[in-house]
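Please walk me through this structure, beginning with a single residue and then widening the view to the rest of the protein.

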Amino acid sequence: MYFTHMKIKTALLTLCLTTAFNIQAGPVLNSCKSLHLNNCPAPVDTKLPDVKNMLTWNQQQRAIGFRNDYRSYDADVFYAANGQPLPRAPHNLSKLGYQLNGKLYLLKDYLKRNNVNGMMVIKDGKVVWDYYANGNNSTTLWTSRSVGKSVVSTLISTLIGVALKEGKIK
């Protein structure tokens with residue numbers, strides 16, 4: 001079991017590092033046929049913001065640009081050898097919230113206030129809740145960018161913790 005987790009974590013680390021170093025913008029693709037996917041990602045926007053101005057994009061440009069990133073960067077889509085959809089175990093999170101300064105805020109308030117374009121909650125290997133906004137849906141491809149750094153740092157911290165617990169690091 002530990003070996004399998006190591007293989008998965010190594011694969012994720014490789015994926016994240018590969019994504020981080022893939023910074024060459026190429027010509028914009030007009031279709032998804034070159035991606036060799038069973039289903040084309042949606043939506044496919046007709047007008048894309050200029051990737052050279054990415055750091056100054058507004059919220060609408062970010063939603064359009066990030067979901068169409070695969071059209072601007074060659075080889076920006078990674079493929080799983082035997083990819084399978086995650087099983088689902090839906091939970092209603094509509095009442096999930098938090099209090100701040102005596103006021104109750106619901107998850108939907110947080111998502112709207114922070115312009116969240118998509119979010120997925122996975123528990124015990126099952127998708128328990130997902131959310132999409134601003135034209136995105138379950139087929140939308142989204143660039144990982146800093147998400148990759150977060151995943152890598154979490155994996156490294158976990159691996160160090162396991163190694164310390166098992167006495168492999170003293």
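Ile122 belongs to strand 3, which covers residues 118-123, in what is a predicted model rather than an experimental one. With a relative accessible area of 47%, Ile122 counts as partly exposed, because that class takes in values between the 20% limit for buried residues and the 50% limit for exposed ones. Ile122 also takes part in a nonpolar patch on the surface, where Leu86, Met120, Ile122 and Tyr132 together make up about 360 Å².

From this patch one can step back to the whole chain. The protein contains 5 helices and 4 strands, and when these are followed from the N terminus, their order is α-α-α-β-β-α-β-β-α. The surface that the protein exposes comes to about 12,600 Å², of which 59% is supplied by carbon and sulfur atoms. Of the 170 residues, 24% are buried. Among contacts whose partners have a separation of 6 or more, 58% join residues that are 24 or more positions apart.

The next stop is the interior. Which residues form the largest nonpolar core? This core has 6 residues, namely Leu93, Leu107, Leu111, Val116, Val128 and Trp129. Two or more of these residues come from helix 4 (107-113), and the same holds for strand 4 (126-132). Leu107 gives a closer view of this core, for once its neighbours within four places in sequence are set aside, Leu107 is in contact with Leu93, Leu96, Gly97 and Trp129.

A polar residue offers another place to look. Asp45 sits in the loop that runs between helix 1 (2-21) and helix 2 (59-67). Is Asp45 buried or exposed? Its relative accessible area is 15%, so Asp45 is buried, given that the class holds residues under 20%. The side chain of Asp45 has polar partners: a polar contact of 2.8 Å links it to the side chain of Arg67, and another, of 2.6 Å, links the side chain of Asp45 to that of Asn68. If residues up to four places away in sequence are not counted, Asp45 touches Ile64, Arg67, Asn68 and Arg71, a list that includes both of the residues just named as polar partners, Arg67 and Asn68.

Technical notes: Residues are numbered from 1 along each chain as its sequence is written. This is a predicted model: local features need pLDDT of at least 70, side-chain atom pairs count only at pLDDT 80 or more; totals for chains, interfaces and linings use all residues. Side-chain values use heavy atoms; hydrogens and water are left out. Buried means under 20% relative accessible area, exposed over 50%, partly exposed in between (1.4 Å probe, protein chains only). Contact means heavy atoms within 4.5 Å. Accessible areas come from the Shrake-Rupley method with a 1.4 Å probe; for residues, only the protein chains shown count as cover. Patches are made of residues with over 30% relative accessible area and no salt bridge: like charges are joined within 9 Å, nonpolar side chains (Val, Leu, Ile, Met, Phe, Trp, Tyr) within 5 Å. A salt bridge is a side-chain nitrogen of Lys or Arg within 4 Å of a carboxyl oxygen of Asp or Glu. A nonpolar core is a set of buried Ala, Val, Leu, Ile, Met, Phe, Trp, Tyr and Cys residues joined through side-chain atoms within 4.5 Å. A polar contact is a pair of N or O atoms within 3.5 Å; within protein, one must be able to donate a hydrogen and the other to accept it, and residues adjacent in sequence count only if both atoms are side-chain atoms.
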